[in-house]
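Let's walk through this structure together, beginning with a single residue and working outward to the whole chain.

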Amino acid sequence: MKKLQQFEYGFGMSEFGGYLLVMTRGKIASLYFFTSEVSRDEILAEMMTRWQASFVYSPKKIDAIQLFEEGKSFEFFLSGTDFQRKVWAELRKVKRGEVVSYEEIAQRIGKPKAVRAVGTAIGRNEIAFLIPCHRVVRKSGGLGGFRWGLEVKKKMLEWEKIA
DNA sequence: TGTGGATCTTGTT
DNA sequence: AACAAGATCCACA
């Protein structure tokens with residue numbers, strides 16, 4: 001009998017819209033955003049299929065965590081392929097106020113031609129904002145895509161004064 | 001502005 | 001093992 005790891009979750013409100021935060025053993029496992037387009041219950045269901053775990057609703061604990069303050073750092077609970085881990089590690093080097101292209105990330109991990117794959121790997125990032133997937137845009141200047149809706153991506157970038 | 005090819009990783013069958 | 005689907009990019013009409 002294998003015991004399932006316990007995950008705690010709760011909801012919150014931010015500059016960019018409502019969010020779902022998920023933690024396990026003090027580490028952040030997921031941070032999803034919901035909007036008028038995608039409901040709270042939908043992303044909760046999505047999260048629960050993503051992780052093989054047992055879930056406990058812990059609003060107080062989750063509420064107490066200040067996510068967006070400058071200079072905060074958290075530990076992350078990550079699980080993914082080697083390729084994905086490389087992409088996410090590279091993402092974390094992109095600082096607040098900077099933007100890079102998908103191609104740039106591909107080059108930095110030494111796979112200059114895997115641009116498309118980089119895009120999908122970024123999309124699989126579980127921890128929005130803290131692992132700054134919103135700072136990657138199209139080389140052409142277009143916004144590119146965003147798992148939680150382009151509105152949220154736009155708000156994040158504006159908030160960081162990049163426009 | 002739109003369409004199609006090149007390219008790579010992943011999940012599914 | 002084969003295939004389709006991506007948060008891309010480039011060329012060319």
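Phe-77 has a relative accessibility of 23%, so it counts as partly exposed, given that buried would require under 20%. The model is a predicted one, and in it Phe-77 sits in the loop that links α2 (59-63) to α3 (82-91). What does Phe-77 touch, once neighbours within four places in sequence are left aside? Its contacts are Gln-5, Phe-7, Thr-24, Lys-27, Ile-28, Ala-29 and Trp-51. Gly-10 makes a useful reference point: it is 67 residues from Phe-77 in sequence, and the two C-alpha atoms are 17 Å apart in space.

From two of those partners it is a short step to the next stop. Thr-24 and Lys-27 are both in contact with Phe-77, and the loop between β2 (17-24) and β3 (27-34) holds Arg-25. How does the backbone of Arg-25 behave? Its phi is positive, about 45°, even though Arg-25 is not a glycine. As background, most residues other than glycine have a negative phi. Is Arg-25 buried or exposed? With a relative accessibility of 71%, Arg-25 counts as exposed, because that value is over 50%.

Now move back along β2 to Tyr-19, which has its place in that strand. Tyr-19 counts as buried, because its relative accessibility is 7%, under the 20% cut-off. Which residue can serve as a guide across from Tyr-19? Try Phe-33: it is 14 residues away along the chain, while the C-alpha atoms of the pair are separated by 4.3 Å. Beyond its neighbours within four places in sequence, Tyr-19 has a long list of contacts, which can be read in groups. One group runs through Gly-10, Phe-11, Gly-12, Met-13 and Ser-14. Another takes in Leu-31, Tyr-32, Phe-33 and Phe-34. Ile-65, Leu-67 and Phe-68 complete the set.

Ser-58 offers another view of this part of the chain. It is found in the loop between β4 (54-57) and α2. Ser-58 is buried, because its relative accessible area of 11% is under 20%. Not counting residues up to four places away in sequence, Ser-58 touches Glu-8 and Tyr-9.

Further along the chain, look at Ala-121, which has its place in helix α5. At 3% relative accessibility, Ala-121 counts as buried. Which residues does Ala-121 touch, when those up to four places away in sequence are not counted? They are Phe-83, Gln-84, Val-87 and Trp-88. For Val-87, the C-alpha to C-alpha distance to Ala-121 is 6.9 Å, with their positions 34 residues apart in sequence.

After α5 comes a second backbone feature to inspect. Phe-129 lies in the loop between α5 (115-123) and β6 (136-137). Phe-129 has a positive phi of about 65° although it is not a glycine. Where Arg-25 is exposed, Phe-129 is buried, with a relative accessible area of 4%.

With these stops in mind, we can step back to the whole fold. Chain A has 6 helices and 6 strands. Read from the N terminus, their order is β-β-β-α-β-α-α-β-α-α-β-α. The radius of gyration of chain A is 16 Å, close to the 15 Å that the globule rule gives for 163 residues, so chain A is as compact as a globular protein of that length. Its C-alpha trace spans about 45 × 35 × 30 Å along the principal axes. Of the contacts between residues at least 6 apart in sequence, 57% join residues at least 24 apart.

How is chain A divided? Domain 1 covers 7-63 and domain 2 covers 82-159. Their centres, taken over C-alpha atoms, are separated by 21 Å. The two parts do meet: 13 residues of domain 1 are in contact with 11 residues of domain 2.

Finally, consider the surface and the charges. Of the 163 residues of chain A, 43% count as buried. Chain A exposes about 9,400 Å², and carbon and sulfur atoms supply 50% of that area. There are 28 positive and 19 negative side chains, and the centres of the two sets lie 6 Å apart.

Key: Residues are numbered from 1 along each chain as its sequence is written. Chains are lettered from A and ligands numbered from 1 in the order in which they are written. This is a predicted model: local features need pLDDT of at least 70, side-chain atom pairs count only at pLDDT 80 or more; totals for chains, interfaces and linings use all residues. Side-chain values use heavy atoms; hydrogens and water are left out. Helices (H or I, at least four residues) and strands (E, at least two) are DSSP runs, numbered from the N terminus. The radius of gyration is taken over C-alpha atoms; the globule rule is 2.2 Å times the number of residues to the power 0.38. Buried means under 20% relative accessible area, exposed over 50%, partly exposed in between (1.4 Å probe, protein chains only). Contact means heavy atoms within 4.5 Å. Accessible areas come from the Shrake-Rupley method with a 1.4 Å probe; for residues, only the protein chains shown count as cover. Lys and Arg count as positive and Asp and Glu as negative; His and the chain ends are not counted. The place of a charge is taken as NZ of Lys, CZ of Arg, CG of Asp or CD of Glu. Domain bounds come from an automatic or database domain assignment.
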